[in-house]
Amino acid sequence: MSTDQVIMAGGGIGGLGAALMLARRGVKVRVLERAPEFGEVGAGLQLAPNITRMLKEVGVFEKIAPVSVFPKRLVFMNAKTGEQLTTLDLADAERRYGAPYVVLHRSDLLNALLEAAQAEENITLHTHSMVEGIEDRGDRVVVRTAAGEEYTGELLLGADGLHSRVRKEIVHDEPINSGYVAYRGAVPVEDVDRRMAMDEVVVWMGPGMHLVQYPVRAGKLYNQVAVFRSQEFLEGKEDWGTPEELDRTYAGMCESVRVAIPSLQRNARWAMFDREPAATWTKGRVSLLGDAAHAMLQYLAQGAGQSLLDGAALARALPVLGEGAWSSEALADALQTYEDERVAFAGTVQSTARTWGDIWHVDGYVPMILRDEVFRSRDVYDYSFVDWLYGPVQDAVAAQPAADGAAQPVGAAPVVPSAAPAESTTRTPAHA
Ligand SMILES: Cc1cc2nc3c(=O)[nH]c(=O)nc-3n(C[C@H](O)[C@H](O)[C@H](O)COP(=O)(O)OP(=O)(O)OC[C@H]3O[C@@H](n4cnc5c(N)ncnc54)[C@H](O)[C@@H]3O)c2cc1C
């Protein structure tokens, strides 16, 4: 039986993206996806400049640009009072970070990656292939699927999502249920009672809830994500986060939020889980990427983007191993390079996403007026909250003199998270 260079467990955005970036650097990849076909849920996705900049560098951005929307502003609103609190000028953000902020339909992203992967002779794609058995034999790794097929590889990458089978080989933990639930979906724009402009990403923040709205697919569809803390979950009910609870939670919000709720799809809902940051994603010839490595709450809108960054980091680290059998030592070095670039940073994003959710969802009169005042008093062109995430700031912007002739403050240089354990690290939130 022949040996693959990389076996990728999971063909979601993370798995297909990584396979594509590896294949383009000459690495042969076999993707095993458990579902009958490659696909995504019918909802939207935001990709911030830190992600689109990398996608440009690796030649993937042109695949998704035609199916993306380029919003002009990110707007934060109080969901109870309807007051606009602050905005981020996304055109200015593009100039600052050298890449645009885009929103798109998940299927459009996945299909673009899939089509590009299908065109790569270094990639072999399988569906109906659920990875079950994993045996690291030291000089190779053997993978067995639920259907009984067996594949041998130099390296197994687990891109198999939140409930990853592969992660069990490396990290002994369980997903953490936040007690929040999401209703989400993209529907024809004419089906939504929409009060906000079509060139905006809007975040409505309220006690224990939020609503995010933005257009996708060239403005034909409107994406909405309604998220709330479930009282039914806290009461231990088995069936929690129900549509009735959704209606009760949003009934107390301002009119612009209330009118959006009837157009939400109710036939599916998602409990919000994350994981604690892990100190390592690798054991022997098995490593992780995407949600399998760093499942995070979605409040920074970075989960899929971070999985694509994993792929890019792997595509820089692994090709040095070249053709032929990869020695365990050389592979360990390459995976260490990958981890050095990614583990601590992704852990920081995981931790910060939790904090950011806590800020969005503050409850009680005093915490809420304090939160709103912080948002209100932010200078619209103050990027100190996002530089660490979206940076590095472009040289041309950093060198630009301010009106008084002094160098323009650009916030900290790109923040590289400290070597401190990712678990203890949080950053001032960006947004999502
Ligand atoms: C409400 C919400 C909003 C979000 N918004 C954003 C956003 O705006 N921007 C952003 O960047 N991120 C966002 N995210 C996060 C993003 O959706 C995830 O981080 C991303 O989809 C993870 O991709 P993945 O490929 O790692 O995992 P997944 O998408 O879960 O893919 C895993 C794949 O592996 C397959 N699989 C599972 N087990 C096996 C197995 N044993 N064998 C073979 N295959 C297997 C699955 O079928 C699936 O295809 C959001 C998440 C939520 C819940």
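Helices (H or I, at least four residues) and strands (E, at least two) here are DSSP runs, numbered from the N terminus. With that in hand, welcome to a quick tour of a predicted model. One stop is Arg-217, which sits in the loop between strand 14 (209-216) and strand 15 (221-229). Other stops are a ligand surrounded by 30 residues, a helix whose buried residues line one face, and a buried glutamate, Glu-232.

**Backbone points to check**

- Arg-217 has a phi near 45°, which is positive although the residue is not glycine.
- Arg-217 counts as partly exposed because its relative accessibility is 31%, and the partly exposed class lies between the cut-offs of 20% and 50%.
- His-128 also has a positive phi, about 55°, and is not a glycine either.
- You will find His-128 in the loop between strand 8 (123-126) and strand 9 (131-136).
- His-128 counts as exposed because its relative accessibility is 52%, and exposed means over 50%.
- A cis peptide bond runs from Gly-391 to Pro-392, with omega near 10°.
- Pro-392 belongs to the loop between helix 13 and helix 14.
- As background for these entries, most residues other than glycine have a negative phi, and most peptide bonds are trans.

**The ligand and its shell**

- Of the 30 residues around the ligand, the closest are Gly-14, Glu-33, Gln-46, Arg-106 and Asp-291.
- The side chain of Glu-33 places an N or O atom 2.6 Å from an oxygen atom of the ligand.
- Two nitrogen entries involve the backbone: a polar backbone atom of Val-131 is 2.9 Å from a nitrogen atom of the ligand, and a backbone N or O atom of Arg-34 is 3.2 Å from a ligand nitrogen.
- On its own the ligand has 1000 Å² of accessible area, and the protein covers 87% of that.
- Helix 1 (13-24), strand 3 (44-47) and helix 10 (303-317) each contribute at least two residues to the shell.
- Sorted by class, the shell holds twelve polar, ten nonpolar and eight charged residues.

**Helix 4 and its surroundings**

- Helix 4 spans residues 90-97, and its buried residues are Leu-90, Asp-92, Ala-93, Arg-96 and Tyr-97.
- Viewed down the helix axis, these buried residues fall within an arc of 150°, so they line one face of helix 4.
- The general geometry helps here: an α-helix has 3.6 residues a turn, so residues three or four places apart point the same way.
- Packed against the buried residues of helix 4 are helix 2 (49-57), strand 5 (73-78), strand 6 (84-89), helix 13 (387-390) and helix 14 (395-398).
- At the N-terminal end of helix 4, Asp-89 acts as a cap, with a side-chain oxygen 3.0 Å from the backbone nitrogen of Ala-91.
- Just after helix 4 comes Gly-98, with a positive phi of about 75°.

**Glu-232, a buried acid**

- Glu-232 is part of helix 6 (residues 231-234).
- Glu-232 counts as buried because its relative accessible area is 8%, and buried means under 20%.
- The side chain of Glu-232 makes a polar contact of 3.3 Å with the side chain of Arg-248.
- A polar side-chain atom of Glu-232 is also 3.0 Å from the backbone nitrogen of Gly-241.
- Neighbours within four places in sequence aside, Glu-232 is in contact with Lys-237, Asp-239, Trp-240, Gly-241, Thr-242, Glu-245 and Arg-248.

Conventions: Residues numbered from 1 in each chain as written. Predicted model: local features only at pLDDT ≥ 70, side-chain atom pairs only at ≥ 80, totals over all residues. Heavy atoms only, no water. Buried < 20%, exposed > 50% of the residue type's maximum accessible area, 1.4 Å probe, protein only. Polar contact = N/O pair within 3.5 Å; in protein donor to acceptor, adjacent residues only side chain to side chain. Contact = heavy atoms within 4.5 Å. Arc of directions from axis to C-beta. Near = heavy atom within 4 Å. Areas by Shrake-Rupley, 256 points an atom, 1.4 Å probe, with all protein chains shown as cover. Nonpolar A, V, L, I, M, F, W, Y, C, P; charged D, E, K, R; others polar.
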